[in-house]
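Ready for a few short exercises? Keep the sequence and the 3D view open, try each task yourself, and then follow the worked solution.

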Amino acid sequence: MVPVLAWWRELGGLVLPAACTGCGDPGTTLCEACRRALYGARPRRVRPASGPAGLPPVHAAAPYEGAVREVVLAHKERGALELAAPLGAALAGAVAAAVAVPRGARGGGLLLVPVPSTPRAVAARGQDATLRAARAAAVALRRAGRAAEVVPVLRQRRRVADQAGLDPGGRRANLSGALEVVRNGPRLLGRGRVVLVDDVMTTGVSLAEAARAVDAARRREAGIRAVRGGMSAAVIAAPRPSFEINRN
Ligand SMILES: [Zn+2]
């Protein structure tokens, strides 16, 4: 259903004068200044104010505000497919920064594991924006000469409430044990270095739960061999305070 909507929107973009999604400037769907805001700066390590236990190191491309927020929301809520490539470029930068520091260095390519949206959210929006951004990021990484693939092995194990509107404690309770790795996932995860990816990190609870699920699956699989290599995580954007915590 949404593919049709998205197609219609794309068609509209060909006919109607475009305006920048980030700032409204006419003439382009994303202007130079807004592109710079999205992926022009060096991605940085980010930390939520109260980092949940088990949160791997997270890198983000940009603060979640202004034009960046507009672009992320247009892609996620309104299915603006033409924004997948610039968002993917931003995420690819964060992934590259996340793996720049060897953690339990190991060979193989980069395995981008998206944090799954709830089935309800996907049904409501008709699309999984995080998965799409992850795929665009893998394309950007491969163009830059890095072996990278998306392995969407995480899924919701049970119903969870929408995280929006819950406080950090509520979010933790809501998501605790909520994710699992699909049956053939552990085998796929053994092929490279795992980087968890999401569009926006707010409290870090979703990424911590994703890390727990991946880790649990690997340990079950391992039995035989030691679990190797730390995990890292990358997001397009995170709240500005989570960048500033790094400045000391
Ligand atoms: Zn703009």
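**Exercise 1. Classify Ala-80 by burial, then place it in the fold.**

Bear in mind throughout that this is a predicted model.

Step 1. Start with the accessibility: Ala-80 has a relative accessibility of 7%, so it counts as buried, since buried means under 20% relative accessible area.

Step 2. Now find its element. Ala-80 sits in the loop between α3 and α4 (84–98).

Step 3. Look for a partner far along the chain. Ala-129 is 49 residues away from Ala-80 in sequence, and the two C-alpha atoms are separated by 9.5 Å.

**Exercise 2. Work out how the zinc ion is held and which geometry its site has.**

Step 1. List the donors: Cys-20, Cys-23, Cys-31 and Cys-34 coordinate the zinc ion, each through SG, at 2.3 Å.

Step 2. Read the donors along the chain, and the spacing C-x2-C-x7-C-x2-C appears.

Step 3. Check the angles. Those among the four donor atoms run from 104 to 114°. Four donors count as tetrahedral if all angles lie between 85 and 135 degrees, and the site of the zinc ion is indeed tetrahedral.

Step 4. Turn to accessibility. Cys-31 has a relative accessible area of 11% and is therefore buried; Cys-34, at 6%, is buried as well.

Step 5. Finish with a check on cysteine pairing: searching the whole structure gives zero disulfides.

**Exercise 3. Describe the largest pocket: its volume, its centre and its lining.**

Step 1. Begin with the volume, which is about 780 Å³ for the largest pocket.

Step 2. Next, go to the centre. The lining has 33 residues, and the closest to the centre of the pocket are Lys-76, Asp-162, Gln-163, Ala-164 and Ser-206.

Step 3. Ask which elements contribute. At least two lining residues come from each of α3 (66–77), α5 (119–125), α6 (129–143), α7 (168–175), β7 (192–200) and α9 (205–222). Of these, α9 gives the most, with four residues.

Step 4. Sort the lining by chemistry: 15 residues are nonpolar, nine are polar and nine are charged.

**Exercise 4. Compare the settings of Ala-210, Asn-174 and Gly-126.**

Step 1. Take Ala-210, which lies in helix α9. Its relative accessible area is 0%, so Ala-210 is buried. Leu-179 is 31 residues from Ala-210 in sequence, with a C-alpha to C-alpha distance of 6.5 Å.

Step 2. Move on to Asn-174 in helix α7. With a relative accessible area of 11%, Asn-174 is buried too. The C-alpha atoms of Asn-174 and Asp-162 are 8.7 Å apart, and twelve residues separate the pair along the chain. Asp-162 is one of the residues closest to the centre of the largest pocket.

Step 3. End with Gly-126, in the loop between α5 and α6. Its relative accessibility is 26%, so Gly-126 counts as partly exposed, a class that falls between the buried limit of 20% and the exposed limit of 50%. Its C-alpha lies 9.6 Å from that of Glu-77, a residue 49 positions away in sequence.

Definitions and conventions. Residues numbered from 1 in each chain as written. Predicted model: local features only at pLDDT ≥ 70, side-chain atom pairs only at ≥ 80, totals over all residues. Heavy atoms only, no water. 1 Å grid on protein atoms, 1.4 Å probe; cavity = no way out; pocket = protein on both sides within 12 Å on 5 of 7 lines; lining within 4 Å. Points joined across faces, edges and corners; volume = space filled by probe spheres on them. Nonpolar A, V, L, I, M, F, W, Y, C, P; charged D, E, K, R; others polar. Donors = N, O, S within 2.8 Å, 3.2 Å for Na, K, Ca; no water. Tetrahedral: all angles 85-135°; square planar, octahedral: opposite > 155°, others 65-115°. Buried < 20%, exposed > 50% of the residue type's maximum accessible area, 1.4 Å probe, protein only. Disulfide = S-S within 2.5 Å.
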